[in-house]
Amino acid sequence: MWVKICGITNPADAEAAVEAGADAVGVVLAESPRRVTVDRAGALIESLPIAAFLLTVDEPVATVLDWATRTKASGVQPYGAHAAEVARAAIEAGLSVLRPVRVHEQRPDIDGIPRDETVLLDAGSAIVWGGSGRVFDWSLAAGLGRPFVLAGGLTPSNVETAVSLCRPAGVDVSSGVEAAPGRKDHAKIVAFVEGARA
């Protein structure tokens with residue numbers, strides 16, 4: 001089970017994710033309590049032995065690719081305007097892509113997303129793009145016919161159930177392992193990784 005810890009803002013939390021056995025971290029470069037500067041993102045990423053994704057919102061292709069180069073990120077997670085264009089350009093540049101799809105009241109339509117982009121299913125919200133702590137109906141994600149990463153309201157106490165119900169290829173957590181917005185609870189990170197792989 002692939003596990004990503006998103007919303008990393010400081011070296012101690014990044015190291016906790018690594019030590020817990022996470023496969024990737026996410027760094028937010030968009031408006032959020034977890035937002036960091038591009039320079040800060042680069043400092044966090046440079047010594048990490050695991051994958052690092054940049055979460056962006058409404059940024060154009062040239063900006064995201066520049067940020068990925070500057071920070072040495074291994075992937076991007078683009079939301080909002082330009083997301084499709086950013087994803088394609090990132091793939092062409094050799095980056096990994098987590099392609100967010102917001103799930104509301106119906107089964108998500110992912111047919112138009114190229115297979116070389118990894119679908120990330122998250123709870124729909126009109127207020128925030130990610131890290132909302134909201135859960136969607138996991139039954140809507142069952143049997144999609146292609147690998148996907150599950151996000152949205154996951155915690156150490158519910159991740160095992162979520163995985164058993166919809167069988168994702170991976171899981172992504174941010175607020176569910178926090179002590180406060182932008183600060184992780186290291187014990188929760190350990191519990192989440194263990195629960196995801198139980």
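What follows is a chat about the structure shown above.

Visitor: Before we dig in, what kind of model is this, and how are residues numbered?

Guide: This is a predicted model, where local features need pLDDT of at least 70, side-chain atom pairs count only at pLDDT 80 or more, and totals for chains, interfaces and linings use all residues. Residues are numbered from 1 along each chain as its sequence is written, and side-chain values use heavy atoms, with hydrogens and water left out.

Visitor: OK, in what order do the strands close into a barrel?

Guide: Eight strands do it, in the order β1-β2-β3-β4-β5-β6-β7-β8, and the pairing is parallel. From one strand to the next, the twist averages 25 degrees. Strands here are DSSP E runs of at least two residues, helices are H or I runs of at least four, and both are numbered from the N terminus. Two strands pair if DSSP finds at least two bridges between them.

Visitor: Let's take β6. How many of its residues are buried?

Guide: Five of the six residues of β6 (residues 118–123) are buried, so this strand is largely enclosed by the rest of the structure. Buried means under 20% relative accessible area, exposed is over 50%, and partly exposed is in between, using a 1.4 Å probe and protein chains only.

Visitor: And which residues stand opposite L121?

Guide: On the β5 side, V101 is the bridge partner of L121. In β7, L150 stands opposite L121. β5 (residues 96–103) pairs with β6 over six bridges in the parallel sense, while three bridges join β6 to β7 (residues 148–150), also running parallel.

Visitor: What about β4 and β5, how many bridges there?

Guide: Two bridges join β4 (residues 75–79) to β5, and the strands run parallel. G75 stands opposite S96 of β5.

Visitor: Where does E117 lie, and is it buried or exposed?

Guide: E117 lies in the loop between β5 and β6. E117 is buried, with a relative accessible area of 1%.

Visitor: So what does E117 touch?

Guide: Not counting residues up to four places away in sequence, E117 touches A87, R88, I91, V97, R99 and R146. Contact means heavy atoms within 4.5 Å.

Visitor: Switching to helices: at what angle do α2 and α3 cross?

Guide: Roughly 40 degrees, with the axes of α2 (residues 38–45) and α3 (residues 61–71) coming within 8 Å. The two are therefore oblique to each other. Angles under 35 degrees count as roughly parallel, over 145 as roughly antiparallel, 65 to 115 as roughly perpendicular and the rest as oblique. The axes are lines fitted to C-alpha atoms, for helices over the stretch in contact, and angles run from 0 to 180 degrees between N-to-C directions.

Visitor: Which residues make that contact?

Guide: From α2 there are V38, D39, A41, G42 and I45, and from α3 there are W67, R70 and T71.

Visitor: R40 lies in α2 too. What is R40 in contact with?

Guide: Leaving aside neighbours within four places in sequence, R40 is in contact with T9, N10 and P11. R40 is partly exposed, at 35% relative accessible area.

Visitor: Last topic: how many disulfides?

Guide: Zero, where a disulfide is a pair of cysteine sulfur atoms within 2.5 Å.

Visitor: Why is there no bond for C6?

Guide: Because the closest cysteine sulfur, in C166, is 18 Å from the sulfur of C6, too far for a bond. C6 counts as buried at 5% relative accessibility, and C166 counts as buried at 3%.
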